[in-house]
Amino acid sequence: MRDSSPVPPRAAQLSRRAALGLAAAVPLAAASPASAATPVIGGERLARAGVQVGAAAGLPKRLTARSWLVADHQSGEVLASYHAHTHLAPASTLKMLFADTVLKNFERTERHRVTDADLADIPSGSSMVGVKPGITYTVEQLWLGVFLRSGNDAVHVLSHMNGGLARTVAQMQAKAQDLQALDTHVVSPDGFDHKGQVSSAYDLTLFARHGLADADFRAYCHTKTANFPAGGKKTFQIQNTDRLLTGAWGVPTYDGLIGVKNGYTSNAGNTFTGAATRGGRTLLVTVMHPKSGGSGVYEETAALLDWGFKEGAKARSVGALVDPLSEGGASADPTRKAAKAAAGAPATAADGGGSSSWGLVGGAGAAVALLAGGAYVWRRRRRVAGDETPDGRQDRHDGQDRHDGQDRDDGQERHGGQGRQERHQG
């Protein structure tokens, strides 16, 4: 299965972009004393409050999101942004980082028989695809459960296959460091609400851009429906919860949409990163926590994509999506050599196949050692007005609407927290 939507290869670094990278190392003059020495990844304008856009008109007037960003996939230029580095709960959009980290660790055809232990530590109220102990799944089927239904059960099975939750979280944090996604702090691999688990519109866009360079990632996020094992020869159909891709809940499909990933928690609200190609150009848009519920996150994403395709060519860049350290990206902080080396470790292991030299204790221990050494850090940037990290618990992911305490996931009812609605097909 391959995605037919074209994604242009990453362009060679431009001199203009290199200048933006250098600018990222310059501290903000207006920053508070606690953050004055913290570099702004992607350029200092991305840390400013308010809308950032250059020499282009017609931005959508009714945007309610607490944070958003529009970028060119090929060049990495940020065309417009609003509070791009604000720390917010990512919900299931964090699964893009999970895929960036784990996807290449297993072959698509590898098979795994699920045990009770694989599913024992899933938080109550999680979104589920319907993985059951005793059934053997291919890795491809599990990834379809992650991308289409945002199944925390599929995430946890893959995490246990990867050596456990602690090891996977440590690898995800190291991957975020390598991608220079320094707003991101990983607590769980599934995006479930945990205190302190945050990301930003900038970082989520980095995760999407990196993931779309992989053919399997593109194929999974572009898949609309798939048959999922129900035991024996029975299957049930699962549908992607990305409404811009499927047209569910009355949302018009977006012409040229590739993916990527949506998320929702009752505590944090909606998040979405989308990518679309038109006229040979691919744009990335991330929208976080709009005031309007339901389909508002998709409507605001579509409006920003429309603007980007119409006016983006006229826009002067306000920043840049930086390249990963492991791919030659220039670090905004030259002292982070240890973080670069640590981030390269799991990537190297992933390139070698299904196993990694990081064990359960080793992965967590490496993260702790780096934290103690001051190199593996979660950098706190200047928070803009109104930017508070939400606390609390998650009830449902990915566009699920609450009605009198009964959660729904794009029309599929969940009962008893299991979320296993089966439509058996011969």
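Start with the whole chain on screen: of its 426 residues, 59% count as buried. Keep in mind as you look around that this is a predicted model. Colour by secondary structure and you should find 11 helices and 14 strands. Now think about how the chain folds back on itself. Among contacts with a separation of 6 or more, 71% are between residues 24 or more positions apart. If you switch on a surface, the accessible area comes to about 15900 Å², and 53% of that belongs to carbon and sulfur atoms.

**Stop 1: the nonpolar cores**

Which residues have the most contacts inside the largest nonpolar core? Select Val 131, Trp 143, Phe 147, Tyr 202 and Phe 217; they hold that place in a core of 65 residues. There is also a second, separate core, this one of 24 residues, and Ala 80, Leu 257, Val 287 and Phe 309 are included in it. As a general point, nonpolar side chains in soluble globular proteins tend to be buried together.

**Stop 2: Phe 217**

Zoom in on Phe 217, which you'll find in helix H7, residues 215–222. Phe 217 is buried because its relative accessible area is 1%, and the cut-off for buried is under 20%. Show what surrounds it: setting aside residues up to four places away in sequence, Phe 217 touches Met 96, Ala 99, Asp 100, Leu 103, Phe 147, Ala 208, Gly 211, Leu 212 and Val 260. Pick Leu 103 from that list and check the C-alpha distance to Phe 217: 7.8 Å in space, though the two are 114 residues apart in sequence.

**Stop 3: the aromatic rings**

Stay here and show the rings. The whole structure has eight aromatic pairs. One of them is Phe 147 with Phe 217, where the ring centres are 5.2 Å apart and the planes sit at 85 degrees, so this pair is edge-to-face. It links distant parts of the chain, with Phe 147 in helix H3 (residues 139–149) and Phe 217 in helix H7, 70 residues apart. Is Phe 147 buried or exposed? Phe 147 counts as buried, at 3% relative accessibility. Add Phe 98, Trp 143 and Tyr 220 to your selection, and you have the cluster that ring pairs form with Phe 147 and Phe 217.

**Stop 4: Thr 101**

Next, select Thr 101 in helix H2, residues 95–102. Thr 101 counts as buried, with 8% relative accessibility. Look for a polar atom of the Thr 101 side chain: the backbone oxygen of Leu 97 is 2.8 Å from it. Leaving out residues up to four places away in sequence, Thr 101 touches Gln 171, Met 172 and Lys 175.

**Stop 5: Ser 199**

Move on to the loop between helix H5 (165–178) and helix H6 (201–212), where Ser 199 is found. Ser 199 counts as buried, at 0% relative accessibility. Which side chain does Ser 199 join in a polar contact of 2.8 Å? That partner is Thr 184. Beyond its neighbours within four places in sequence, Ser 199 has contacts that include Thr 86, His 87, Leu 88, Pro 90 and Phe 207.

**Stop 6: strands S8 and S9**

Finish with strand S8, residues 257–265, where nine of nine residues are buried. Strand S9 (residues 269–278) pairs with S8 in the antiparallel sense, over eight bridges. Follow the backbone from S8 to S9 and you pass through a hairpin of three residues. To see the two strands side by side, select Lys 261 and look opposite, where Thr 273 stands in S9.

Terms used
Residues numbered from 1 in each chain as written. Predicted model: local features only at pLDDT ≥ 70, side-chain atom pairs only at ≥ 80, totals over all residues. Heavy atoms only, no water. Helix = DSSP H or I, 4+ residues; strand = E, 2+ residues; numbered from the N terminus. Buried < 20%, exposed > 50% of the residue type's maximum accessible area, 1.4 Å probe, protein only. Contact = heavy atoms within 4.5 Å. Areas by Shrake-Rupley, 256 points an atom, 1.4 Å probe, with all protein chains shown as cover. Polar contact = N/O pair within 3.5 Å; in protein donor to acceptor, adjacent residues only side chain to side chain. Pairing = 2+ DSSP bridges. Core = buried A, V, L, I, M, F, W, Y, C linked by side-chain atoms within 4.5 Å. Phe/Tyr/Trp six-rings, centres within 6.5 Å; stacked < 30°, edge-to-face > 60°.
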